[in-house]
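Here are my notes from going through the model, point by point. Have the structure open while you read.

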Amino acid sequence: MASHRAVECVCFLPLITVFLTLSLAQEAQKTPGDYLKREHSLIRPYTGAGASLPMWDIIGNTMITNSYIRLTPDKQSRSGSIWNKVPLRVPNWEMHCHFKVHGQGKSLYGDGFALWYTKDRMRAGDVFGNQDYHTGLGIYFDTYSNHNGPHNHAHPYISAQINNGTLHYDHDRDGTHTELAGCPAQFRNKQYETQIAIRYYKQRLTIMTDVDGKSEWKPCLDVDGVRLPTGYFFGASAATGELADNHDIVSVKVYELEVPDLDESMDYANIEPSADLFSPPRDHVDDPKGAFKNATLTWKRMFLLIFCIIIGVILCIVVGVVVFQKRQEQQRKRFY
Ligand SMILES: [Ca+2]
């Protein structure tokens, strides 16, 4: 599976590069102020800082200060979250989040935080401080590697999950088997600003990071065929266990993205969260996942075929050499 992914990644690399270049060009052309959705944004100075924010609610150990929202402090067994009060009404959007993860731990720290666009809000749980089996989009900033088996990857690791309420986040496997896609990103204990951009545009989810102090967006993931409704809520949550970290949100900016040919007749509020490349294996036999499975089979068959041909050719050469040598020996014997 990993090798197939690698081959697909290599094949799609030029396409991704072109898309991201176009995206960034579009980004540069856009005047963010025109589309900024203030009701979903969290920008310093926060009005009402100290105790409450007009458009946001907090639960658990989350604290509001003048310069950041501390989801959890660098102390064991803490968890908390912050939730936007206003449901999102636009079908195409982009969120920029300036965050800071830092703490005393040199090699042991955790567990991480998450950004959410979900149906429910204010539900404390054990997936980075939010409930498991969520409905919507979860983006995980996993700083602690729980798992050393197959498909493990460098940490910290950012990944996205689309859930319709049926998928469990398995911490023992760092959520790898239910992720849409992901990328490693060294965002912890940085002296400069660390940011993420999440774009949902025409059923395409693109995530870019700016965590290297270069003030430029770097691609993290780009997945087409992602369906998310309007009417959900933005949130951020974090949790610490035996290991801890400060998980801070500095700012959130949400932009409305205009689509010239937007289908006004579409009922955007009633879309069930799903993704073509990873959807729960329940009642989706006829959806594009089937095509993906077939594609995987074709890859396997192709590999087997090439393998058999190579083995066949090697066998022919070996047999040929042996027969040739035997004949030469016989000829030499005849001469003596
Ligand atoms: Ca983990």
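1. Let me start with V319, which comes out as partly exposed because its relative accessibility is 49%. Bear in mind throughout that this is a predicted model. V319 sits in helix 3, the stretch covering residues 288-335.

2. V319 has nonpolar company at the surface. It belongs to a patch together with F303, L304, F307, I311, L315 and V323. Taken together, the patch residues have about 690 Å² of accessible area.

3. Next, the cysteines. The count is 1 disulfide, and the partners are C183 and C220, with sulfur atoms 2.1 Å apart. The S-S torsion of this pair is about -105 degrees, so the disulfide is left-handed. C183 is in strand 10 (residues 181-184) and C220 in strand 13 (residues 218-224), so the bond ties together parts that are 37 residues apart in sequence.

4. Are these two cysteines buried or exposed? Both C183 and C220 are buried. Another cysteine to look at is C97, which counts as buried because its relative accessibility is 0%.

5. Now the calcium site. The ion is coordinated by D142 through two OD entries, by the O atom of Y144, by OD1 of N146 and by an OD atom of D174, at 2.2 to 2.5 Å. Along the sequence, the donor residues follow the spacing D-x1-Y-x1-N-x27-D.

6. Two of the calcium donors are worth checking for exposure. D142 has a relative accessible area of 4%, so it is buried. N146, at 36%, is partly exposed.

7. On to the sheet. In what order do the 7 strands of the open sheet run? The order is 2-3-16-5-11-12-13, with antiparallel pairing. Strand 2 (63-64) and strand 13 are the edges, each pairing on one side only. Strand 13 is also the one that holds C220 of the disulfide.

8. Within that sheet, have a look at where strand 3 (residues 69-72) meets strand 16 (residues 246-256): the two run antiparallel and are joined by 3 bridges. R70 stands opposite D248 of strand 16.

9. There are two cis peptide bonds I'd like you to look at. One joins R44 and P45, with omega at about -10 degrees; P45 is in the loop between helix 2 (32-35) and strand 1 (56-60). Another runs from G110 to D111, where omega is near -5 degrees. D111 is found in the loop that links strand 5 (93-102) and strand 6 (112-118).

10. Which residue in the loop between strand 11 (194-201) and strand 12 (204-210) should you inspect? My pick is K202, in that loop: phi is near 50 degrees, a positive value in a residue other than glycine. K202 counts as partly exposed because its relative accessibility is 42%.

11. Finally, S215 is in the loop between strand 12 and strand 13. Its phi is positive as well, at about 55 degrees, although S215 is not a glycine. With a relative accessible area of 67%, S215 is exposed.

Note on methods: Residues are numbered from 1 along each chain as its sequence is written. This is a predicted model: local features need pLDDT of at least 70, side-chain atom pairs count only at pLDDT 80 or more; totals for chains, interfaces and linings use all residues. Side-chain values use heavy atoms; hydrogens and water are left out. A disulfide is a pair of cysteine sulfur atoms within 2.5 Å. Helices (H or I, at least four residues) and strands (E, at least two) are DSSP runs, numbered from the N terminus. Buried means under 20% relative accessible area, exposed over 50%, partly exposed in between (1.4 Å probe, protein chains only). Donors are N, O and S atoms within 2.8 Å of the metal (3.2 Å for Na, K and Ca); water is not among the atoms, so sites may look incomplete. Two strands pair if DSSP finds at least two bridges between them. Patches are made of residues with over 30% relative accessible area and no salt bridge: like charges are joined within 9 Å, nonpolar side chains (Val, Leu, Ile, Met, Phe, Trp, Tyr) within 5 Å. Accessible areas come from the Shrake-Rupley method with a 1.4 Å probe; for residues, only the protein chains shown count as cover. A salt bridge is a side-chain nitrogen of Lys or Arg within 4 Å of a carboxyl oxygen of Asp or Glu.
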